[in-house]
Each structure stands twice: as C-alpha cells, then as structure tokens.
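Biologist: Could we go through this model together, one question at a time, with the terms explained as they come up?

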Amino acid sequence: MSPEIARSLPPYMQVLTHLREQIVSGRLAEGDTVPSERQLAADWGISRATAAKVLGELRHEKLVTARQGSGTVVTSRATLHHSPSDRLRAAEATGRIYPPGHYAKILSAGLEPAPERVALALGVEEGVDVIRRRRVTYSENGDPVSASTSWFVAELGDLAPQLLQPERVLGGTPKAIEEHAGWSWRDGQDLVGARLATEEEADLLGITELPAALLVGYNSLFDAEGKVIEYGEYLTHGDRFTCYAYRRPRD
C-alpha cells in the first residue's frame with residue numbers, strides 16, 4: 001500500500017495496516033515482539049483502547065499471539081501463506097523472498113507450448129513456446145507450504161537465461177528480469193479462489209487425506225504499459241490465510 005493511501009486511512013487502520021505489512025514482508029519475523037499497547041499509543045498518538053483493538057485484530061488474523069512474560073509476538077509462520085505479491089514486498093523490504101527458515105526447490109524450468117489460459121495471460125498465440133518454472137516452497141521443518149508455476153514469454157530466455165535453469169533465482173524472477181532485460185513491473189493482480197486438490201497436487205503438498213481443499217491463486221505482473229511480465233499459478237493448504245486490506249471508495 002502506498003504511503004499516500006496509508007495516510008488517508010483512519011488512525012486505527014493506519015496502525016493495523018503498518019503492522020500487518022511489517023509481518024507479511026518479514027520486517028517483523030517469527031518470534032519478534034510487537035510493540036505493546038502503551039508503545040503503540042505513544043508512537044502513533046492513539047488511545048490505549050485503539051491500540052488494544054489493533055493487537056486484538058492481529059491475534060484474530062493469527063499473525064500474533066500473547067505470551068506471558070514476552071508480550072505480543074509474531075506467530076504467523078504456521079498459518080500465513082505468502083502469496084507472490086507478499087514475496088515481492090518482502091524482497092523489496094528485506095532482500096529476502098521467503099520468510100526466515102522457508103526455502104524453495106525448483107522442480108523444473110524450460111520451454112513448453114503455451115496452454116490456452118497461459119497464452120491469453122501473456123498475450124501470445126496458443127501453442128507457442130513460453131518459459132515455465134515450477135517450484136515447491138517448504139517450511140523450516142521441511143513441510144511443503146505451497147506449490148507454484150510461473151510463465152514468461154520465450155524471448156526473456158535470451159535476456160535472462162537463469163529463467164531457463166532449474167535453480168533458484170536469487171532476489172526473485174522479477175528482479176532478474178529487471179536487471180537483465182530492463183523490463184520493470186509496476187502493477188500486480190492476484191485472483192484467489194478455492195477448489196479440491198488433485199492427487200498430484202496433494203502429493204506435492206504432502207496431503208495424505210483426500211478430498212482436501214486448496215487455496216488457489218492466479219497472479220500477473222504488469223509493466224507501465226499493461227503488458228504482462230510474469231503470469232503465475234499457485235496453491236497452498238486450505239487452512240492457510242492470505243492477507244488483503246481494502247477500503248470502501250468515497251462518492
């Protein structure tokens with residue numbers, strides 16, 4: 001959320017949005033202490049009651065928990081799913097794509113014919129070669145958290161050849177594309193829904209009992225002219241959360 005939009009929010013939402021983004025981006029990591037009611041009230045010029053309401057909402061969202069002797073600490077790792085937009089914000093804020101302890105394995109990378117949905121997203125003809133990268137993200141315990149696939153136009157393989165390698169791209173694919181191809185993203189869009197897992201998806205995510213629900217997302221990154229730089233599809237366990245904030249527009 002831009003600083004201008006953040007400043008236009010009511011004080012309660014300004015504080016809540018700030019802390020939520022600190023947690024999602026990784027600036028406040030797992031186990032870190034969140035400012036107390038007293039500290040929030042002093043730092044933001046709000047009442048203790050408003051500060052308590054902020055912390056209560058973060059507990060409701062399962063981003064923090066109250067621990068005796070420690071105050072309120074971040075405990076989002078077991079419940080929060082970091083979407084592609086979350087990882088972008090984290091990379092820009094902390095230089096890390098994933099939360100501490102999480103890591104990704106690249107399952108495959110290379111050129112493949114574009115399925116219809118991918119061709120429509122990237123603005124190419126169905127069946128032409130495009131770059132496809134598949135990965136699974138794991139927690140610090142080695143448990144699968146999410147599986148995702150990213151698609152790019154084929155010409156990026158000449159400009160950013162690491163996209164074609166089945167290895168992690170340090171700093172993330174958008175950063176590599178910007179550095180090597182000079183193509184910068186400006187806007188992003190996530191479409192999120194739910195459905196039942198297939199047997200293959202259940203195996204990727206370590207799900208042992210079917211049927212099982214999945215949280216499924218489709219994301220696109222656009223440049224300043226609205227052209228898609230990257231199209232992605234991701235899925236995670238149905239009991240995880242993705243945080244979004246919105247505001248009713250004024251007439």
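Biologist: Which residue follows helix 8, and has a phi that is positive?

Modeller: This is a predicted model, in which local features need pLDDT of at least 70, side-chain atom pairs count only at pLDDT 80 or more, and totals for chains, interfaces and linings use all residues. Residues are numbered from 1 along each chain as its sequence is written, and side-chain values use heavy atoms, with hydrogens and water left out. Helices (H or I, at least four residues) and strands (E, at least two) are DSSP runs, numbered from the N terminus. After helix 8 comes a residue with a positive phi, near 70°, and that residue is Gly182.

Biologist: How wide is the arc that the buried residues of helix 8 cover around the axis?

Modeller: Buried means under 20% relative accessible area, exposed over 50%, and partly exposed in between, with a 1.4 Å probe and protein chains only. In helix 8, residues 173-181, the buried residues are Thr173, Pro174, Ala176 and Ile177. They lie on the same side of helix 8, because the arc they cover around the axis, taken from the directions from the helix axis to the C-beta atoms, is only 160°.

Biologist: At what angle do helix 3 and helix 4 pack?

Modeller: Two packed helices are described by the angle between their axes and the distance between the axes. Here the axes are lines fitted to C-alpha atoms, for helices over the stretch in contact, and angles run from 0 to 180 degrees between N-to-C directions. For helix 3 (residues 37-44) and helix 4 (residues 48-60) the axes are 8 Å apart, and the angle is about 115°.

Biologist: Which residues of helix 3 and helix 4 make the contact, and how many of them are charged?

Modeller: Contact means heavy atoms within 4.5 Å, and it is made by Glu37, Arg38, Leu40 and Ala41 of helix 3 together with Arg48, Ala51, Ala52 and Leu55 of helix 4. In this division Ala, Val, Leu, Ile, Met, Phe, Trp, Tyr, Cys and Pro count as nonpolar, Asp, Glu, Lys and Arg as charged, and the others, Gly among them, as polar. The residues of this contact divide into five nonpolar and no polar, while the number of charged residues is three.

Biologist: With which side chain does the side chain of Ser150 make a polar contact?

Modeller: Ser150 belongs to strand 6, residues 144-153, and counts as buried because its relative accessibility is 4%. Leaving aside residues up to four places away in sequence, Ser150 touches Ile131, Arg132, Arg133, Arg135, Glu230, Tyr231 and Gly232. A polar contact is a pair of N or O atoms within 3.5 Å; within protein, one must be able to donate a hydrogen and the other to accept it, and residues adjacent in sequence count only if both atoms are side-chain atoms. At 3.2 Å, the partner of the Ser150 side chain is the side chain of Arg135.

Biologist: Is Val136 buried or exposed?

Modeller: Val136 sits in strand 5, residues 129-138. Not counting residues up to four places away in sequence, it touches Tyr103, Ala104, Lys105, Leu107, Pro144, Ser146, Ala147 and Leu204. With a relative accessibility of 1%, Val136 counts as buried.

Biologist: What separation do the C-alpha atoms of His102 and Ser139 have?

Modeller: His102 is in the loop between helix 5 (84-94) and strand 4 (103-113), and at 10% relative accessibility it counts as buried. Along the chain His102 and Ser139 are 37 residues apart, and the separation of their C-alpha atoms is 4.5 Å.

Biologist: Which residue other than glycine has a positive phi, near 60°?

Modeller: Most residues other than glycine have a negative phi, and most peptide bonds are trans. The residue in question lies in the loop between helix 4 and strand 2 (64-67) and counts as partly exposed, because its relative accessibility is 41%. The residue with phi near 60° is Lys62.

Biologist: Which two residues does a cis peptide bond join?

Modeller: One of the two lies in the loop between helix 9 and strand 8 (213-222). Omega is about 0° for this bond, and the residues that it joins are Leu210 and Pro211.
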